[in-house]
Amino acid sequence: MTAATLITVAPTGAESEKAAVPALPVTLEELVTTAKECAQAGAAQIHIHIRDADAKPTLDLGRLTETVHAVREATDLIVQLSTGGAVTDPYEHRLAVLDARPDGCSLTCGTVNFGDDVFMNPWGFMKELYAKTQEYGVVPEFELFDFGHIAALHRLLAEMGPPAGGHVHCDLVMGVPGGMPGDAATLVQAVAALPADATWSATGIGRTTLPVMLAALAAGGHLRVGMEDTVTFSRGRPVQSNAELVERAAALGALAQRPAMSAADARTMLGVPHQR
Ligand code: KMH
Ligand code: ZN
């Protein structure tokens, strides 16, 4: 059984509006403060979506590059940029995210209904994005929203070879309306279908956060938490900060004798270079 727990924080996402969720970090200053607090609380990796001056989601390359530098300067977190962006982002902009030269990036392994929208990840786009991660040495995290995505991941690895860093790490994103449900039985089945030797994290969206977190710890997995995935800490109580979600994950990990993994150990596990 895995000993330490990699905690990834996904602090912002592209879906919540600042006006509705005032605690959401949307400026660079808010993001850097959040990153420092979450690193202190036990996070080793940060999954970043950024916002523009009006707090709307953007994939502006200048802003992304500035963000990568600022978070690296302020913390030792592994800096993973989202290539998923918002459901409205065109493929070219999503591919260009890698030009900000992050440590890692998300790579979603298939299209999925996403609430009332569709999150598009056709096979050709997946291959192009994967090839660019290999060329740039950016370590991908394979985002799996449904079982078909696991099949597509196997196909990608078979056709295109191992990822930058040589290690496969997946993130089960569970409980999205349109994707796989966020419960323990589904998690166990999904984990059984992953490539041999892959490590994995899991995150449950909204009210599936706690069942997925507890199941993931029990099954030897790692955790992703953050306001991208849930804005409610407990029934009727909004999340006050990303750090409190990281603190809760670290506390549950400690209780399960799965303490938070250091950023240095996370780099070693994921195959992310220690120096950039
Ligand atoms: N915002 C979602 C449409 C990712 O970051 O790669 C996609 C998403 C996945 O959040
Ligand atoms: Zn994301």
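**Ligand 1 and the zinc ion**

Reader: How far is a polar side-chain atom of E228 from an oxygen atom of ligand 1?
Author: Keep in mind that this is a predicted model. E228 brings a polar atom of its side chain up to an oxygen of ligand 1. The cut-off for a polar contact is 3.5 Å, and the distance here is 2.9 Å.

Reader: Which residue has a backbone N or O atom 2.7 Å from a nitrogen atom of ligand 1?
Author: Start with E15, where an N or O atom in the side chain is 2.8 Å from a ligand 1 nitrogen. The backbone N or O atom, 2.7 Å from a nitrogen of ligand 1, belongs to G85.

Reader: How much of the accessible area of ligand 1 does the protein cover?
Author: On its own, ligand 1 has 300 Å² of accessible area. The space it takes is the largest pocket. Of that 300 Å², the protein covers 97%.

Reader: How many residues of the shell around ligand 1 are charged?
Author: The surrounding residues include S82, V87, F114 and F119. In that shell, 3 residues are nonpolar and 7 are polar. The charged ones number 2.

Reader: Which residues are the protein donors of the zinc ion (ligand 2)?
Author: Along the sequence, the donors follow the spacing H-x1-H-x178-E. Both H47 and H49 are buried, and each of these gives its NE2 atom, while the third donor gives OE. Lying 2.1 Å from the zinc ion, the donors are H47, H49 and E228.

Note on methods
Residues numbered from 1 in each chain as written. Chains lettered and ligands numbered in written order. Predicted model: local features only at pLDDT ≥ 70, side-chain atom pairs only at ≥ 80, totals over all residues. Heavy atoms only, no water. Near = heavy atom within 4 Å. Polar contact = N/O pair within 3.5 Å; in protein donor to acceptor, adjacent residues only side chain to side chain. Areas by Shrake-Rupley, 256 points an atom, 1.4 Å probe, with all protein chains shown as cover. 1 Å grid on protein atoms, 1.4 Å probe; cavity = no way out; pocket = protein on both sides within 12 Å on 5 of 7 lines; lining within 4 Å. Sits in = over half its atoms within 2 Å of the grid points. Nonpolar A, V, L, I, M, F, W, Y, C, P; charged D, E, K, R; others polar. Donors = N, O, S within 2.8 Å, 3.2 Å for Na, K, Ca; no water. Buried < 20%, exposed > 50% of the residue type's maximum accessible area, 1.4 Å probe, protein only.
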